[in-house]
Amino acid sequence: MSDERVIDVTDLVAGYLPGVNILNGTNIHVNKGELIGIIGPNGAGKSTLLKAIFGLVKVREGDITLHGESIANLRANQLVAKGIGFVPQTNNVFPTLTIAENLQMGAYQEPRKYKERLDFVTSIFSELGSRLNQRAGSLSGGERQMVAMSRALMMDPHVLLLDEPSAGLSPVRQDDAFIRVSDINKAGVTTIMVEQNARRCLQICDRGYVLDQGKDAYTGSGRDLLNDPKVIGLYLGTLGEAAK
């Protein structure tokens, strides 16, 4: 980890419908090598923040920068080329394609990277290496999540955005998902993770942000937020039940 700033989100205002803002002046920053957790109640704007960074929600005010360069409202394909990967919560694999074909889709902008990046992702997700010809639609939810993460890593991103990687998984698979996220980050990928399982998220992240009504209400190290009486009382009491 270093003090080199990778992502800066400044006074961000964004939303899906004209005149209706979900984010109302959100501020976060991410340094190189960090694992950042974004938690908060339902409707706080967590997933909207990731989608705004990835160009899927219109930014109306404020700015998003990558290595100091504004990327607000760029198209998703442009952002992938600039080094941002995104794993949505649902519909995150091509079910009729094999695992190998899903990974090839991840490297479609630079197909020459396929072999090198395949070696990288199978070093983290070793189970996939022997099952490359299996159709993604036949996989369990946890296995699909592995494929989705792997596909996003195929372009060697500077930053990986993860939208609730543990959602819908069994408790055992949830633990596995958090371990894999930590492994990806330890392999050198700066990571921003939105999570409803707030306690588990804060246990593994370097720093966390609590979003509430579209604004960053609290921030601090994962450990500090876990032990902050206000955060515990307002958020972790309900958000962290599954991790107790």
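Two residues are in contact when heavy atoms of theirs lie within 4.5 Å. Keep that in mind as you explore this predicted model.

**Stop 1: histidine 29**

Select strand E2, residues 23-31, and pick out histidine 29 inside it. Now show what surrounds this residue. Leaving aside residues up to four places away in sequence, histidine 29 touches Arg5, Ile7, Asp8, Glu34, Ile36, Arg207 and Tyr209. Look at the last name on that list: histidine 29 and tyrosine 209 are 180 residues apart along the chain, yet their C-alpha atoms are separated by 9.8 Å. Is histidine 29 buried or exposed? Its relative accessible area is 24%, so it counts as partly exposed; buried would mean under 20%.

**Stop 2: the four-stranded sheet**

Stay with E2 and add its neighbours. Four strands make an open sheet in the order E2-E1-E4-E5, and the pairing is antiparallel. E2 and E5 are the edge strands: each has a single partner, so one side of each is left without a neighbour in the sheet. Next, select helix H1, residues 46-53, which packs on the sheet. H1 touches strand E1 (5-15), E2 and E4, and its direction makes about 115° with that of E1.

Zoom in on E4 and E5, which are joined by two bridges in the antiparallel sense. Here you can find threonine 65 opposite serine 70 of E5. In the loop between strand E4 (58-66) and strand E5 (69-70) sits histidine 67. This histidine is not a glycine, but it has a positive phi of about 50°. Histidine 67 counts as partly exposed because its relative accessibility is 40%.

**Stop 3: strand E9 and its partners**

Tyr209 was one of the contacts of histidine 29; now select strand E9, residues 207-212. How enclosed is strand E9? Five of its six residues are buried, so the rest of the structure largely encloses this strand.

Show strand E3, residues 35-39, too: E3 and E9 pair in the parallel sense over four bridges. One pair to label is glycine 37 with its bridge partner in E9, glycine 208. Then add strand E10, residues 215-221, which runs antiparallel to E9 and is joined to it by six bridges. Valine 210 stands opposite tyrosine 218 of E10. E9 and E10 form a hairpin with two residues between them, and in the turn glutamine 213 has a positive phi of about 55°.

**Stop 4: helices H3 and H6**

Select helix H3, residues 99-106, together with helix H6, residues 141-153. Their axes lie 7 Å apart and the helices pack at an angle of about 35°. The crossing of H3 past H6 is right-handed. To see the contact, show Ile99, Asn102, Leu103, Met105 and Gly106 on H3, and Val147, Ser150 and Arg151 on H6. Colour them by class and you get four nonpolar, three polar and one charged residues.

Which residues of H3 are buried? They are Ile99, Ala100, Asn102, Leu103 and Gly106. These residues cover an arc of only 160° around the axis, so they are on the same side of H3. What covers them includes helix H4 (114-124), helix H5 (126-129) and H6.

**Last stop: aspartate 156**

Follow the chain into the loop between H6 and strand E7 (159-163), where aspartate 156 lies. Aspartate 156 has a positive phi of about 55° although it is not a glycine. With a relative accessibility of 38%, aspartate 156 counts as partly exposed.

Notes. Residues are numbered from 1 along each chain as its sequence is written. This is a predicted model: local features need pLDDT of at least 70, side-chain atom pairs count only at pLDDT 80 or more; totals for chains, interfaces and linings use all residues. Side-chain values use heavy atoms; hydrogens and water are left out. Axes are lines fitted to C-alpha atoms, for helices over the stretch in contact, and angles run from 0 to 180 degrees between N-to-C directions. A crossing is left-handed if the near helix is turned anticlockwise from the far one by less than a right angle, and right-handed if clockwise. Ala, Val, Leu, Ile, Met, Phe, Trp, Tyr, Cys and Pro count as nonpolar, Asp, Glu, Lys and Arg as charged, and the others, Gly among them, as polar. Buried means under 20% relative accessible area, exposed over 50%, partly exposed in between (1.4 Å probe, protein chains only). The arc is that of the directions from the helix axis to the C-beta atoms. Two strands pair if DSSP finds at least two bridges between them.
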